[in-house]
Amino acid sequence: MNIQEQYMREALLEAQRACEEGEIPVGAVVVQDNNIIARAHNTRERNHDPLGHAELSALSMAAEVLGGWRLDDCDLYVTLEPCPMCAGAILNARLRRVYFGAYDEVMGAVGSKFNLFYDYRWPTPIHFAGGILEEDCRTVLQSFFRSRREK
């Protein structure tokens, strides 16, 4: 297992926690110097908060741990391609790299619908890779929605 898969497995654990709480199962971890400094999962339903995305929570936690909003020496691993809101937050936090699992054909803002990271006008480019443990990440989401439809 390579390092990206190792950290994506940690994000998948967070996605599973979200699923157990009745949340859409998306998980994220922030890594600095090969250490996970923040981990989070979706909390929109529990907190009645449209901002309760795994990425946003993980970025906030990482900023708190580091004592500043610039996360330019950090990488984000998230089980689902970031939406426009999260992609904007990632750009603003100046993350170094983003790795995601499943592509999001509905709200994906890092390649599926459009790509906010490709805009040359941003002051700092964000390097990214999608499809890390894609099948595992997609399966968690599909199982969640299948169980919801059956209820």
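# Salt bridges, core and sheet

Guide: Glu10, Glu14, Arg17 and Arg39 are linked in a network of salt bridges, a salt bridge being a side-chain nitrogen of Lys or Arg within 4 Å of a carboxyl oxygen of Asp or Glu. This is a predicted model, in which local features need pLDDT of at least 70 and side-chain atom pairs count only at pLDDT 80 or more, while totals for chains, interfaces and linings use all residues. Residues are numbered from 1 along each chain as its sequence is written, and side-chain values use heavy atoms, with hydrogens and water left out.

Visitor: Where does Glu14 sit, and is Glu14 buried or exposed?

Guide: Glu14 belongs to helix 1, where helices (H or I, at least four residues) and strands (E, at least two) are DSSP runs numbered from the N terminus. The relative accessible area of Glu14 is 4%, and buried means under 20%, exposed over 50% and partly exposed in between (1.4 Å probe, protein chains only), so Glu14 counts as buried. Residues up to four places away in sequence aside, Glu14 touches Gly27, Ala28, Arg39, Ala40 and His41, contact being heavy atoms within 4.5 Å.

Visitor: What makes Arg46 and Glu21 a salt bridge, and which parts does the pair tie together?

Guide: The side chains of Arg46 and Glu21 meet at 3.1 Å, N to O, and this value satisfies the rule for a salt bridge. Arg46 lies in helix 2 (residues 44–47) and Glu21 in the loop between helix 1 and strand 1, so the pair ties together parts that are 25 residues apart in sequence. With relative accessible areas of 46% for Arg46 and 38% for Glu21, both partners are partly exposed.

Visitor: How do you know which of Arg97 and Asp75 is buried and which is partly exposed?

Guide: Arg97 has a relative accessible area of 28%, which makes it partly exposed, whereas Asp75, at 6%, counts as buried. Their side chains meet in a salt bridge at 3.1 Å, N to O. Arg97 lies in strand 4 and Asp75 in strand 3, so the link is between parts 22 residues apart in sequence.

Visitor: What makes the largest nonpolar core a core, and which members touch the most others?

Guide: A nonpolar core is a set of buried Ala, Val, Leu, Ile, Met, Phe, Trp, Tyr and Cys residues joined through side-chain atoms within 4.5 Å. The largest has 41 residues, of which Met8, Val30, Leu76, Ile90, Leu95 and Phe117 touch the most other members. Among the elements that each supply at least two residues of this core are helix 1 (3–20), strand 1 (27–32), strand 3 (74–80) and helix 5 (134–150). Beyond its neighbours within four places in sequence, Leu76 has contacts that include Val30, Ile90, Leu95 and Tyr99.

Visitor: Why is strand 1 called largely enclosed?

Guide: Of the 6 residues of strand 1, 6 are buried, so the strand is largely enclosed by the rest of the structure. Gly27, Val29 and Val31 cover one side, and Ala28, Val30 and Gln32 the other; all are buried.

Visitor: What makes strand 1 and strand 2 partners, and which strands stand at the edges of the sheet?

Guide: Two strands pair if DSSP finds at least two bridges between them; strand 1 and strand 2, which run antiparallel, are joined by 6. Strand 1 also pairs with strand 3 in the antiparallel sense, over 5 bridges. Val29 stands opposite Arg39 in strand 2 and opposite Tyr77 in strand 3. The open sheet of 5 strands has the order 2-1-3-4-5, with mixed pairing. Strand 2 and strand 5 (127–129) are at the edges, each with a single partner strand, so one side of each has no neighbour in the sheet.

Visitor: How does the length of helix 3 compare with the expected one?

Guide: Helix 3 has 13 residues and reaches 18 Å from its first C-alpha to its last, close to the 18 Å expected at 1.5 Å a residue, where the expected span is 1.5 Å times one less than the number of residues. Its buried residues, including Leu56 and Leu59, pack against strand 1, strand 2, strand 3 and helix 4. Gly67 follows helix 3 and has a positive phi, near 75°.
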